[in-house]
Amino acid sequence: MKHHSAQREYWRSLEHLANTPEIQQSASAEFASYEPDGMLSMSSLTRRRFMKLMGASMALAGLSLNGCRRWPEAKLAPYTSTPPNRIPGIPEQYATMMELGGVGSPLLVTSYDGRPIKIEGNPTHPFSETVKGRSGAADAIAQASILEMYDPDRSKAVINRSGGNEIATDWDHFTSAMSSTIDSLTASPGSGLAILCEATASLTTTRLKAALAKRFPTAFYEYEALSRDNERVGIKSALGQPARQVLHLDKAAVVVLLDADPLGAHPAHVRYAGDWVKHRPNKEKETSRVYAIESAMTISGSVADCRMGVRPSRVGAILSAIAAQVGLAAAAASLTAEEEAFIKPLIADLSANSGKSLVAVGPHHPAEMHAMALAINDKIGAIGSTLTLLEEPNADRPHHFDSLADLTKKLKAKQIDTLVILGGNPAYDAPTDLDFAGALKNAKTSIHLSLYDNETSHACTWHVPRAHYLEAWGDARAWDGTVSICQPLIEPLYNGKSSDQMLAFFAGEPETESDAIVRKTFADIDDLAWRRVLNDGLVKDSGFKKVSATINSSAALPAAGGQSGYEVRFLQDSKLYDGRFATSGWLQELPDPLSKIVWDNAVLVSPRDAAGLGVGVGDMLKVTVGGASVEMPAFVLPGQPVGVIGLALGYGRTMGEHIGSDVGVNTYALRTTGAMYFTSAQVTATGAYYDLATTQDHHLFDQLGIQERQARVGEKHKSAEIIREATAAEYKRDPQLFQRNEEGGISLQLYEPPRRFNDPHAWGMAIDLSRCIGCHACVIACQAENNVPIVGRDNVLKSRQMHWIRIDRYFKGDAEDPNPEVVFQPVACQQCENAPCEEVCPVGATTHDTEGLNVMVYNRCVGTRYCSNNCPYKVRRFNYLDWHSQDPRHDKYPKPWLGLPDTQQIETVPMVERMMYNPEVTVRMRGVMEKCTFCIQRIHNTTIAKRARGEELKDGEIMTACQQSCPTQAIVFGDLNDANSKVSKWHQDKRAYSLLDADLNTKPRNRYLAKISNPNDEANG
Amino acid sequence: MASVPTTEFIRIAEQTEGDNTTDDPRFRAPLVTGGKNFAAVTETVANIAERPAPPQAWYVAMGVSLALLGLLGAMVGYLILTGVGVWGNNQPVGWAFGIVNFVFWVGIGHAGTLISAILYLFRQNWRTGINRLAEAMTIFAVICAALFPGIHVGRPWLAYWLFPIPDQMNLWPQFRSPLMWDVFAVGTYATVSLLFWYVGMVPDIATFRDRSKSKIKQVVYGIFALGWNGSSRHWHRYERAYLLLAAIATPLVLSVHSTVSFDMAVSQIPGWHTTVFPPYFVAGAIYGGFAMVIFLVVPARELFGLKDIITKRHMDNMAKITMATSMMVGYSYMTEFFIAGYSGDRNEAFTFHNRALGPYCWSWCVMFFCNVVAPQVLWSKKCRMNMWIMWVVGICGNVGMWFERFEIIPESLTRDFLPSSWHAYWPTWVDLCTLAGSFGLFMTLFLLFCRYLPTVAMAEVKTMLPEAHAHGAHSADEKRTDYRPDEHHDPDTDAPRFANR
Amino acid sequence: MTTDLKETHDPHEETNGVESTEPMLTGLLGEFADVTGVVEAARKTRSAGYKVWDVHSPFPIHGIDAVIGIRPTILPWLVLIGGVTGASCGFLLQWFCNTFDYPILVSAKPMLSLPADVPIIFECAVLFSALTAVFGMLALNRLPLLYNPLFKSAHFRRVTNDRFFIWIDASDAKFDEKSTAEFLSSAGATGVERIED
Amino acid sequence: MTQEWYEQPFVFPKWANFLLPGIVLAVVGGLFYVPTVVGLGASPKTTAVGYEPVQPVPYSHALHAGKLGIDCRYCHTTVEKANFASLPPTETCMNCHTNIRTESQALAPVRESWATGKPVEWIQVHNLPQYVYFSHQAHVNHGVGCIECHGRIDQMERVYQVKPLSMGWCLGCHRDPGPHLRPKTVAVTDMNWTPPADPTDAENLAEQLLKDYSIHDKAYMQSCSTCHR
């Protein structure tokens, strides 16, 4: 295909890319006439898409005027010839993979008529499956990447900045411009071509690098702002060869985490969460015990059974103390009384469970510690049982940080005149002392391939739009090395090129299209097998080899750092990762699991330090590290270690486009090669105030309120009105524990509703509080599935966020407790049988159906909001403004819409954004109430199809979006009529309880399973 | 003997310089002072409409009111074109200023019907001085109230779905919802109040008709007077109809605010779900209503020279009712707190604890001071006789009652069952301007009424005059302080009234 | 109206049409200065045996009904009927909408939730009876009646202010312009006026 | 009293007595008349029924479906497996028209589309609001004939809308599906099938079919979620 034709054909899907002639023909047929921006003109969509896309809003027009308006004349454009096995309107799913930080997460993408609309985990892949072959989990970031693909802010043209001024041009001009460069490179091989890429394990990339190196000498560099290379180097030093360790939390009865966050921040955290939960309360296994010693509040720490917050500089000491006590020749560091008290039972548990236990150290700690951790694991017999060592890809590559430092040095020395940067954003996230952006100017030609025209692009002479991973072929490897092919779902929306295409171009490869390039890498796979690979989304048995080598246990640690003053700890952001996802509205508005902050980062300080500094939430703090300093609002986070302040990286982008620019504060400003993860800092209050937007505990938190909240949530590990829980020991002692209410009696109701909603099914849900780790994957899943809009910071401050499912996070324990217990409680509509919302709706816009769903009929809603007032769970969401057409960044004083209200979205939401809407769900307009529907569209589409084929519905065939995305399967949905369905079993479980039902007799169809934790009383003091 | 009571009465009037508030059992206290006769009463009242130009103050007030009315229009336009999001409402607090103002205005609208209906049934003759003003106030307040439910919904252009109109969707309203009860209660109340007001006004419009010199006035008043000619037969049925209306309106006026209170009482939210609401709301409404009447009447009688018809005695009685109802309201507050504590329901108890001591305690204090503390000054007759103090108490009553609704509606919503969803509520500038604007609407209507319609029920007042009944049979009435001629029996034929002979 | 008038006839029955065009005498109007006067005169008129006559006053003179002999009105019965009709309409409406025509499942409540229907039943009862009371009264009074020969009299304009009138209709059997005029003045009328139509 | 009391007063003309009753009558009449007119005017029966846009190609269902008796599903292939009935790709037309009427002027757009690959842009006739999720497969597989919603397509030269497709109309069937069903033995596309003439037979058949197709009960059929999401 020639480029310009590729440009013009914009609307494609898998078969089209197969390049078979009839597809070619059909494709060009259907789309020949389209301009790249044709997506914005209605004619560029077929009638069905067109109607589906704007349908909701369009048609609301119909109803709002009571059907007295004939819809505008609508065109239907059929295929000229239908692609094989394509039924228009029936969604298709393709397996693909998203690579982040050199590790791929396996995905399954749902596509409607060539429009990818939803991302899920690949259920056939061991690193995302939660129910084999049925549902795969993907984390929030991976699921949100669909929004990134459609983002209208993505760069659409090649930009030439050489010569100071910006010239927008295209790939052809770029290639021709480059030819001279390439000639000079071939002419004088020494004249320095350098490639800086993101971490990747892609075989294709490796192949192309080799090819490129063959063509002319090229220096390759790799940089990740959040690198795990400390671990890599440490293991290498202990093992003699670099290796990657795979944890088996499902086999570990005792897990000791030293600043490690396998459930939250690990590349394989989806799999790890799934493993961890296998060892949580259930029939088969004893509940495991997780010890967390950490210098920040992490997801793993918040679900750990015993937790101790310490300064980062203390972790080393504690590690060596553990080493010494398990019998390694390590210098036993002196511990504080608290630390001693915490270690003692820990050691006891370790020795009691040798072979069934595991020690893990966070990636930001020095290599030596990882070496020592490995030695300990060896000692306690973890290796081979709870921990496997695998080969590392590109074994010889240097540490990311060294690599970048080296590159900068060379740039400053003018040894590089052509630098190609594939992705990444070093100008933004490189350590400040390197001044990478400055050094970049020394390169004669610098090319940045990137999704966005960002900070680095502006520092380069060329910017080339990058193809999103859903737009171009590629390959990547999961944490265990299993190879997957990244299948595109659609032709590049904005003429982007993949990094492989860029490399191939410089390597002078014959192939220019990404599919050909990738296929060449796997030339040894025949076409049939290839189809199989594409179908399964992985290449069987392609994982890394196991390594078995003797571990050198004589690791010594550097002296522990300073004990006084504040220590700053740089954190991987739970949503923006290293800042590259700052352009995603969904992620910006996704609450942080623990702080619940949206659209901002903050200085996380412990309550005690906050008292010391005399600040509260929102008071500005000045944090100074070395010469540099930033001013940020404080957030008082219970459980934050005393003396440690947490700073999330990834905010304060200056060129994050409309969504990402000027959100929060850029903390990279404090990050230097000397202190990439933690260092000592000065903190002072400036006296200024900034209103932090959080989705919970915002405003109004007077002493009275706090006391009441704590009273309702209950004491540590004790049941209370809202949260029922017990320790494993208690629960063993008294299994009936949760069948009784607080007063110890069994609550009975006077009024029995006259109707059971169970015909032909009785839909129900159950959520296990012991399983939920608060990762928020379900929130994004719901957002994508149900066309949930974002509202922007200003409106979150007004508490108008629209998420249909929220995760309530409660800290238990008194205010002074340095290690409070954390409880996560996902709350979506409880689908009450005796629903308080329904009886108060004057127009019957929310009613019950015969299967027990509390249905919300958007097109009947006039918006009295009475239902929301009367909902004790406050799960209903109201469209106070037309969120879809609202600017999430500035909407303090919305502009009046002159025209029929229901035309607002049609005329103001870019078509490309509407392409992402799920056609099976009505897009809500201004002024209507909405809420969780148990994904009624999934229920109905499945049941209708089943009935049409006359098949029986099997348990688990229908999954709600939240359930599907949950890595720990904390959410179960199904038919309560079927006594053997999982949900029925959970409803009957002795831990099951209904939220607020005892008080209000709402008879929710959703039940919670009480939380069981397994604390060690000694350790918790 | 005929002349004795008359001279007696005039002497009292002179002695007490128009203070007719004494309750001296020996004498009847006149309800019209200044020795006015029929013609004088007509003159006094008709003068307001007939004088070439109203007082300066009227123009000033009208200017301000029209400005506010314009503001209201702008705010409503902005709201409808943009979305309810321009208000401060949020996730837990679905109802705020919109409904607060609605309940506030409906409450105001209670005094009118109360005075014209309940006091009529109780034979409180002093009502005749003020009932017309109060009824007018009722109508206008209900108009203001009706505005808010309409605009507070998310899609106002569909608000008509709350009426049972057949449509192609075969859908009907859902009558279990208290909002539907509201639609009917408020609708009925508006209609009945309007009829009551108009029917009462017909004879007086006839008076205007017969006195007016300009042709337009004669035609316009003539049409609205319906050709009233004072026939005794007409008067007979007229009084019957009036009595029946009063009998019907009395339960109605009690039901309306009970129904409004159901909006909260029927729901589940702690602080809303309260059985004491209906009586509590009604007491509050009457209190607020009288406060508003005082607030309006004090300047009105000054401006339009109605002092002899809306006399000190009227003010005195109103002050007493205001104080009584304010104490009922105070009692309701206490009851709420007691029940909350006594119920042992954590959520309920916290809500009230939070109300008095939580983040919104300031508004609770304003409410409590204005509704319970301030009216206590009316124990002293000096204060009741001091129109400035009365006026200030009237203002307090309005402010207090507004804050009561604010306390009940948004404040309860800010903190319900799950602490995770607690959130503060703050109004936006649009909220505030809309509230101000609603006063503009109210005052505009009221000022127009004062200028062009009979502000006092002349015919009824005339029946209060001693010469309003045939001589020869006062003996029974001598000791009465207030009396109604219609309690006579026919002097000669001692047959009961309406007997067929 | 018929039940309403046994002994005396309503003079306006004859005058409220527009049939006659050329001026003809419709009756005599006697003006009185005060209540006592008019009541006494009314007594005399009645005992004098006039049947088609009426008293006009700025406000209801109490006892005058008995003096003239007006029988109680049937209005209350009409209002009762109105109220009952309203109540039943209120109930039927709700039953039809939520129980019969489109029974939608609402929070496990019975399709016919009587307690919830009470408020609207009540309000409808009130509304209907109020409307009946007002419009019933107007109908029985034959109002609105914008044209009325009485309005031709300048004196009569004070009937809404401070004067009282006795009207004796020409259709009365005993009516004779001369003697009736004398009778009125002898009864104490400050002035007698002949009203033509 | 002042002089003006003895001026000649204003008196309404006699006809004025009919003024107010007249107005009252007019208002009451209007209360019934206006809504009726508006209601009828706005009803889909008026706005939707009979909608018959001119199509780019004068394709005659009367000819193809009627005379030639081509089954609906030959072109609308997805009705039984998908929620909506797809339009035939140009390919389908060309299957025959590569050798039949290859010169016909009427078919020019089709041939052009086949040549250029540009789809023929048909104009939609039957159109539902987008918050209504009508599923062809749910109906077609349970004995609801095409004719029920589309009328005698096989007699239409140009397709037009026969039924109002309003919510009230949908509910009509959903509340009493029986009479609108046909036995499995009869093709849903059969335009000529009519239920038995004898009412009792028809009733029995309806009963039988409701069982055969296990049609949901009324409560389910008219609950909001059946059509809205």
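Start by selecting helix α11 (residues 312-343) and helix α15 (residues 387-414) of chain B in this predicted model, and look at the way in which α11(B) passes α15(B), which is a left-handed crossing. The two helices pack at an angle of about 30 degrees, and their axes are 12 Å apart. Angles under 35 degrees count as roughly parallel, and α11(B) and α15(B) are therefore roughly parallel to each other. To see where they touch, show the side chains of Lys312(B), Met315(B), Ala319(B), Val329(B) and Tyr333(B) in α11(B), which meet Met387(B), Met390(B) and Glu404(B) in α15(B). Sorted by class, this contact has six nonpolar residues and two charged ones, with no polar residue.

Stay with chain B, but move to helix α9 (residues 232-265), and select together with it helix α5 (residues 114-140) of chain C, against which it packs. Here the angle is about 160 degrees and the axes are 10 Å apart, which makes α9(B) roughly antiparallel to α5(C). Like the pair before, these helices have a handedness to look for, and the crossing of α9(B) and α5(C) is left-handed. Which residues of α9(B) make the contact? On this side you can select Arg237(B), Tyr238(B), Ala241(B), Leu245(B), Ile248(B), Pro251(B), Leu252(B), Ser255(B) and Thr259(B). On the side of α5(C), the contact is made by Phe122(C), Glu123(C), Val126(C), Ser129(C), Ala130(C), Ala133(C), Val134(C), Met137(C) and Leu140(C). If you colour the residues of this contact by class, you will find that they divide into 13 nonpolar, three polar and two charged.

Now remain in chain C and go to Pro144(C), which is found in the loop between α5 and β3 (164-169) of that chain. Zoom in on the peptide bond that leads from Leu143(C) to Pro144(C), which is cis, with omega near -5 degrees. This is worth a pause, because most peptide bonds are trans.

A cis bond can also be found in chain A, so select Asp759(A) and Pro760(A), which are joined by a cis peptide bond with an omega of about -5 degrees. The place of Pro760(A) is in the loop between α25 (728-733) and β29 (763-768) of chain A.

In the same chain, select Asn495(A), which lies in the loop between β21 (483-486) and α18 (499-507). What is the sign of phi at Asn495(A), positive or negative? Although Asn495(A) is not a glycine, its phi is positive, at about 60 degrees. Most residues other than glycine have a negative phi.

Next, zoom out until the whole of chain A is in view, with its 36 helices and 39 strands. Along its principal axes, the C-alpha trace of this chain spans about 90 × 80 × 60 Å. A compact globule of 1021 residues would have a radius of gyration near 31 Å, and the 28 Å of chain A agrees with this.

Turn then to chain D, which has eleven helices and one strand. If you follow the chain along its sequence, the elements come in the pattern α-α-α-α-α-α-β-α-α-α-α-α. The radius of gyration of chain D is 28 Å, well over the 17 Å that the globule rule gives for 229 residues, so chain D is more spread out than a compact globule. Its C-alpha atoms fill a box of roughly 105 × 50 × 35 Å, taken along the principal axes.

Finally, colour the model by pLDDT, and begin with chain A, which averages 87, with 91% of its residues scoring at least 70. Select residues 1-69 of chain A, where the pLDDT is below 50 and where the model has 182 contacts beyond near neighbours in sequence. Chain B averages a pLDDT of 86, and 89% of its residues score at least 70. In chain B, residues 1-17 have a pLDDT below 50 and make ten contacts beyond near neighbours in sequence, while residues 473-501, also below 50, have 54 such contacts. Chain D averages 89, with 97% of its residues at 70 or above, and its residues 1-6 are below 50, with 14 contacts beyond near neighbours in sequence. For the complex, the predictor gives an ipTM of 0.90 and a pTM of 0.90.

Technical notes: Residues are numbered from 1 along each chain as its sequence is written. Chains are lettered from A and ligands numbered from 1 in the order in which they are written. Side-chain values use heavy atoms; hydrogens and water are left out. pLDDT is the predictor's confidence in each residue, from 0 to 100. Contact means heavy atoms within 4.5 Å. Axes are lines fitted to C-alpha atoms, for helices over the stretch in contact, and angles run from 0 to 180 degrees between N-to-C directions. Helices (H or I, at least four residues) and strands (E, at least two) are DSSP runs, numbered from the N terminus. Angles under 35 degrees count as roughly parallel, over 145 as roughly antiparallel, 65 to 115 as roughly perpendicular and the rest as oblique. A crossing is left-handed if the near helix is turned anticlockwise from the far one by less than a right angle, and right-handed if clockwise. Ala, Val, Leu, Ile, Met, Phe, Trp, Tyr, Cys and Pro count as nonpolar, Asp, Glu, Lys and Arg as charged, and the others, Gly among them, as polar. The radius of gyration is taken over C-alpha atoms; the globule rule is 2.2 Å times the number of residues to the power 0.38.
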